[in-house]
Amino acid sequence: MVLSGYTNRDFKITGYYPLNCKTHERKVEGGIKDKFGNKLKVLRDNKIVSIAVDPKIIPLNSYLKIDAFPDKIFRACDIGRSVKNFHIDICVRDKKTAYNLPKKAKITIIEKPKEIKLEFKFDNELMFLKR
């Protein structure tokens with residue numbers, strides 16, 4: 001069953017912190033890259049945040065809004081052994097943040113966000129950086 005278009009279901013929310021864990025914990029946390037080989041993006045530092053999902057419920061590479069974090073966009077780019085059914089695991093900076101996340105939240109699958117372009121003047125040339 002793939003989730004599409006409904007938001008009335010509460011999802012269990014947990015956090016994982018692979019970027020700030022001890023080296024021997026990384027194997028448990030899954031490493032520092034997502035299923036697509038990209039560096040994971042943590043909740044605090046990024047507009048688009050990496051999350052682990054059950055791909056039977058939320059397809060990988062989906063973009064989501066989570067009602068507890070209205071200013072963030074989440075990308076389903078990872079999976080986890082214990083992430084099953086209506087469970088989302090948010091990539092966070094550290095253990096303290098993981099334990100302070102809300103326990104449940106509602107989600108909405110959204111369209112892929114348009115690229116954000118930043119303009120910089122550099123030696124009279126205009127440069128565009130993709131974010």
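This is a short walk through a few strands, one buried leucine and two asparagines in the structure above.

Okay, quick heads-up: what you're looking at is a predicted model. Let's start with strand S3, residues 63-66. On one side, S3 pairs with S4, residues 73-78, in the antiparallel sense, over two bridges. If you want a pair to click on, try Tyr 63, which stands opposite Arg 75 in S4. These two strands make a hairpin, with six residues between them.

S3 also has a partner in S6, which covers residues 104-110. That pairing is antiparallel too, and four bridges join the strands. Here, look for Ile 66, standing opposite Ile 107 in S6.

Now, go to Leu 101, in the loop between helix H2, residues 95-99, and S6. Is Leu 101 buried or exposed? Buried, because its relative accessible area is 6%, and the cut-off for buried is under 20%. So who's around it? Skipping its neighbours within four places in sequence, Leu 101 contacts Ile 13, Thr 14, Gly 15, Leu 43, Phe 69, Ile 90 and Val 92. Take Ile 13: it sits 88 residues away along the chain, yet the two C-alpha atoms are 7.1 Å apart.

Last stop, backbone angles. Asn 61, in the loop between S2 and S3, has a positive phi, near 75°. Asn 85, in the loop between S4 and S5, has a positive phi as well, near 55°. As for accessibility, Asn 61 is partly exposed at 39%, and Asn 85 is partly exposed at 47%.

That's my tour, thanks!

Key. Residues numbered from 1 in each chain as written. Predicted model: local features only at pLDDT ≥ 70, side-chain atom pairs only at ≥ 80, totals over all residues. Heavy atoms only, no water. Pairing = 2+ DSSP bridges. Buried < 20%, exposed > 50% of the residue type's maximum accessible area, 1.4 Å probe, protein only. Contact = heavy atoms within 4.5 Å.
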